[in-house]
Amino acid sequence: MKEAFRETFKEKVFDIVRKIPKGETMSYGEVARRAGSPRAFRAVGTILKSNYDPKIPCHRVISSSGALGQYNRGVEEKQRKLRAEGALD
DNA sequence: CGTATGACGTGCA
DNA sequence: GTGCACGCCATAC
């Protein structure tokens, strides 16, 4: 309760991304918005790239334009996983 | 504390 | 429809 709410943007982003339902994709702007700063989509990318936790399906985070964006493991791997989940169909 | 960087977003030509 | 430039926030050094 106390330590909560003090979660840095980073912690929130990880939590949000981790909550992304399988087969669904969320844009950086949406994640940043839920994190508390709808203009921090930049920081979201900076944070996600700093995160290498496999528990965080950061590959489900794409650009609002519909582009997959980048990925610390490779865009190809990202697209591959999304397609496997049916997010790309 | 200040500077530099980055997995973006939007607008305009 | 495509390409370029600017702006934005947070993190790391």
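# Reading the contacts of a predicted protein–DNA model

User: Where in the chain is N51 found?

Analyst: N51 is found in the loop between α3 and β2 (61–62). The model is a predicted one.

User: Why is N51 called buried?

Analyst: A residue is called buried when its relative accessible area is under 20%. N51 has a relative accessible area of 10%, so N51 meets that limit and is classed as buried.

User: What makes the pairing of N51 with D53 a polar contact?

Analyst: The side chain of N51 reaches the backbone nitrogen of D53 at 3.5 Å. The limit for a polar contact is 3.5 Å, so the pair is counted. Leaving aside neighbours within four places in sequence, N51 is also in contact with F14, I56 and N72.

User: What makes D15 and K19 a salt bridge?

Analyst: The N-to-O distance between the side chains of D15 and K19 is 2.3 Å. The rule asks for a side-chain nitrogen of Lys or Arg within 4 Å of a carboxyl oxygen of Asp or Glu, and therefore this pair qualifies. D15 and K19 both lie in helix α1, four residues apart, or about one turn of the helix. In general, side chains of opposite charge can pair when their charged atoms come close.

User: How are D15 and K19 classed, buried or exposed or partly exposed?

Analyst: D15 has a relative accessibility of 30%, which falls between the limits of 20% and 50%, so D15 counts as partly exposed. K19 stands at 56%, over the 50% limit, and therefore counts as exposed.

User: How do you know that R60 and E85 form a salt bridge?

Analyst: Their closest N and O atoms are 2.9 Å apart, and the limit is 4 Å. R60 lies in the loop between α3 and β2 and E85 in helix α4 (residues 75–85), so the pair ties together parts that are 25 residues apart in sequence. By this rule the count of salt bridges comes to two.

User: Why is R60 called buried?

Analyst: The relative accessible area of R60 is 10%, under the 20% limit, so R60 is buried. Not counting residues up to four places away in sequence, R60 touches I20, P21, K22, E24, T25, M26, L82 and E85.

User: What is said of K78 with regard to a salt bridge?

Analyst: K78, which lies in helix α4, is buried yet has no salt bridge. The nearest side chain of opposite charge, E85, is 11 Å away. The limit for a salt bridge is 4 Å, so K78 and E85 are not counted as a pair. The residues that K78 touches, beyond those up to four places away in sequence, include Y28, C58, H59, V61 and I62.

User: What makes a residue count towards the surroundings of DNA strand B, and how many residues surround the strand?

Analyst: A residue counts if one of its heavy atoms lies within 4 Å of the strand. DNA strand B is surrounded by 14 residues, the closest being R42, T46, L48, K49 and S64. Of the atoms of DNA strand B that come within 4 Å of the protein, sugar and phosphate account for 49%. Helix α3 (residues 41–50) gives the most to this surface, with seven residues. By class, the surface has six nonpolar, six polar and two charged residues.

User: Which residues place polar atoms by base nitrogens of DNA strand B?

Analyst: A polar backbone atom of K49 is 2.3 Å from a base nitrogen, and a polar backbone atom of Q70 is 2.8 Å from a base nitrogen. For N72, an N or O atom in the side chain is 3.1 Å from a base nitrogen. The cut-off is 3.5 Å, so K49, Q70 and N72 each make a polar contact with DNA strand B.

User: What makes S37 a polar contact of DNA strand C?

Analyst: A polar side-chain atom of S37 lies 3.3 Å from a phosphate oxygen of DNA strand C, and the cut-off is 3.5 Å. An N or O atom in the side chain of R42 is 2.3 Å from a base oxygen, while a polar backbone atom of A43 is 3.4 Å from a base oxygen.

User: Which element gives the largest share of the surface near DNA strand C?

Analyst: The largest share, four residues, comes from α3. By class, this surface has five nonpolar, two polar and three charged residues.

Conventions: Residues numbered from 1 in each chain as written. Chains lettered and ligands numbered in written order. Predicted model: local features only at pLDDT ≥ 70, side-chain atom pairs only at ≥ 80, totals over all residues. Heavy atoms only, no water. Polar contact = N/O pair within 3.5 Å; in protein donor to acceptor, adjacent residues only side chain to side chain. Helix = DSSP H or I, 4+ residues; strand = E, 2+ residues; numbered from the N terminus. Nonpolar A, V, L, I, M, F, W, Y, C, P; charged D, E, K, R; others polar. Buried < 20%, exposed > 50% of the residue type's maximum accessible area, 1.4 Å probe, protein only. Contact = heavy atoms within 4.5 Å. Lys, Arg positive; Asp, Glu negative; His and termini not counted.
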